[in-house]
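User: Hey, got a minute to walk me through a structure? I'd like to go from one feature to the next.
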Amino acid sequence: MEFRVIPVTPFAQNCTLLWCEETKKAAVVDPGGDLGSIQAMIAKNGLGVEKILLTHGHIDHVGGAAELAARLGVPIEGPQRQDAFWLDQLPSQCRLFGFPHVDALKPAHWLEQGDTVSVGDLMLQVLHTPGHTPGHVAFFHPRSRMAIVGDVLFAGSIGRTDFPRGDYDTLIRSIREKLWPLGDDVEFISGHGPLSTIGEERRCNPFVADGLVP
């Protein structure tokens, strides 16, 4: 699996363009905005985008999804259906955070724990990782030992839980029960900030390192 991280929106959200090296088929994960930059990266690498994937329903992650899907003629998949209320509230999210207006969004497919998503010859595992939002999902490619975890876990930090239907204890369980078992060698792309590894966060993350949380 090849990938490029494209920071988008004033929130510097990490949109991920990932693709199958053999087929050059691609997916765009969390296109929050700045579609020109995303499409330029698609063209630079000679890719054919098959789908858009969403980790959760916050505006900085999904603000450009519908327009990009329309431009490319591809479906939107994810997040898990409990984030429908966030996608229904996209117009109010835009007003609250100063984003250009977008309409409410319903994906072509909701995703659930245990689902798989194909991109060319790649198969990504879907993990339901609630806590930051109730319908948050992460994507894992076992062969490349790479995960895209949205706003659940960051290098040296964890996702916020003060938004509606966020929950701290649920977030911690998602990290420890869904992400830690992937393996210490797994590298992950967060929704914001630099890449890290599961092992590094288990050792050093001040919020969720081993020994800090019962």
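User: Let's start with aspartate 184. How exposed is it?
Analyst: Aspartate 184 counts as partly exposed, because its relative accessibility is 42%. Keep in mind that this is a predicted model.

User: Which residue does aspartate 184 form a salt bridge with?
Analyst: Its partner is arginine 202, and the closest N and O atoms are 3.7 Å apart. Aspartate 184 sits in the loop between H6 and strand E12 (187-190), while arginine 202 is in helix H7, so the pair ties together parts that are 18 residues apart in sequence. As for arginine 202, a relative accessibility of 24% makes that residue partly exposed.

User: Which residues are in one network with those two?
Analyst: Salt bridges with shared partners join Arg176, Asp184, Arg202 and Asp210 into one network.

User: Why would side chains like these pair up at all?
Analyst: Side chains of opposite charge can pair when their charged atoms come close.

User: OK, and how many salt bridges are there?
Analyst: The count comes to ten. One of the others is between aspartate 162 and arginine 160, where the closest N and O atoms are 2.8 Å apart. Aspartate 162 is exposed, at 54% relative accessible area, whereas arginine 160 is partly exposed, at 45%.

User: Can you give me another?
Analyst: Sure. Arginine 4 and glutamate 2 meet through their side chains in a salt bridge, 3.6 Å from N to O. Arginine 4 is partly exposed at 33% relative accessibility, and glutamate 2 is partly exposed at 28%.

User: Back to H6 for a sec. What span should that helix have, and why?
Analyst: Helix H6 covers residues 168-179, which is twelve residues. At 1.5 Å a residue, H6 should span 16 Å. You count one less than the number of residues, because that's how the expected span is defined. The end C-alpha atoms of H6 are 16 Å apart, which agrees.

User: Which residues of H6 are buried?
Analyst: They are Thr170, Leu171, Ile172, Ser174, Ile175 and Leu179.

User: I see some of those numbers are spaced by three or four. What does that spacing do in a helix?
Analyst: An α-helix has 3.6 residues a turn, so residues three or four places apart point the same way.

User: And what do the buried residues of H6 pack against?
Analyst: Four strands and a helix: strand E7 (122-128), strand E9 (146-150), strand E10 (153-154), strand E11 (157-158) and helix H7 (198-204). H7 is also the helix that holds arginine 202 from our salt bridge.

User: What's going on at the start of H6?
Analyst: There, a side-chain oxygen of aspartate 167 reaches to within 3.4 Å of the backbone nitrogen of aspartate 169.

User: New topic: how many aromatic pairs are there?
Analyst: A search of the whole structure finds four. In one of them, the rings of phenylalanine 11 and phenylalanine 97 have their centres 6.0 Å apart and their planes at 90 degrees, so the pair is edge-to-face. Phenylalanine 11 is in the loop between strand E1 (2-8) and strand E2 (13-19), and phenylalanine 97 is in helix H5 (residues 90-97), so the pair ties together parts that are 86 residues apart in sequence.

User: Are those two buried or exposed?
Analyst: In between. Phenylalanine 11 is partly exposed at 35% relative accessibility, and so is phenylalanine 97 with a relative accessible area of 33%. Another aromatic pair, phenylalanine 85 with tryptophan 86, is tilted, at 5.2 Å centre to centre and 40 degrees between the planes. Both phenylalanine 85 and tryptophan 86 are buried.

User: Which residues do ring pairs link into a cluster?
Analyst: Phe11, Phe97 and Phe99.

User: Last thing: what about the backbone?
Analyst: Glycine 78 and proline 79 are joined by a cis peptide bond, with omega about 0 degrees. Proline 79 is in the loop between strand E5 (76-77) and helix H4 (84-88). Then there's alanine 12, which has a positive phi of about 50 degrees although it is not a glycine. Alanine 12 lies in the loop between E1 and E2, and is partly exposed at 40% relative accessible area.

User: And what's the phi of arginine 165?
Analyst: Positive, about 65 degrees, although arginine 165 is not a glycine. You'll find arginine 165 in the loop between E11 and H6, and it counts as partly exposed at 47% relative accessibility.

Key:
Residues are numbered from 1 along each chain as its sequence is written. This is a predicted model: local features need pLDDT of at least 70, side-chain atom pairs count only at pLDDT 80 or more; totals for chains, interfaces and linings use all residues. Side-chain values use heavy atoms; hydrogens and water are left out. Helices (H or I, at least four residues) and strands (E, at least two) are DSSP runs, numbered from the N terminus. Buried means under 20% relative accessible area, exposed over 50%, partly exposed in between (1.4 Å probe, protein chains only). Contact means heavy atoms within 4.5 Å. A polar contact is a pair of N or O atoms within 3.5 Å; within protein, one must be able to donate a hydrogen and the other to accept it, and residues adjacent in sequence count only if both atoms are side-chain atoms. Rings of Phe, Tyr and Trp (its six-membered ring) pair if their centres lie within 6.5 Å; planes under 30 degrees apart count as stacked, over 60 as edge-to-face and the rest as tilted. A salt bridge is a side-chain nitrogen of Lys or Arg within 4 Å of a carboxyl oxygen of Asp or Glu.
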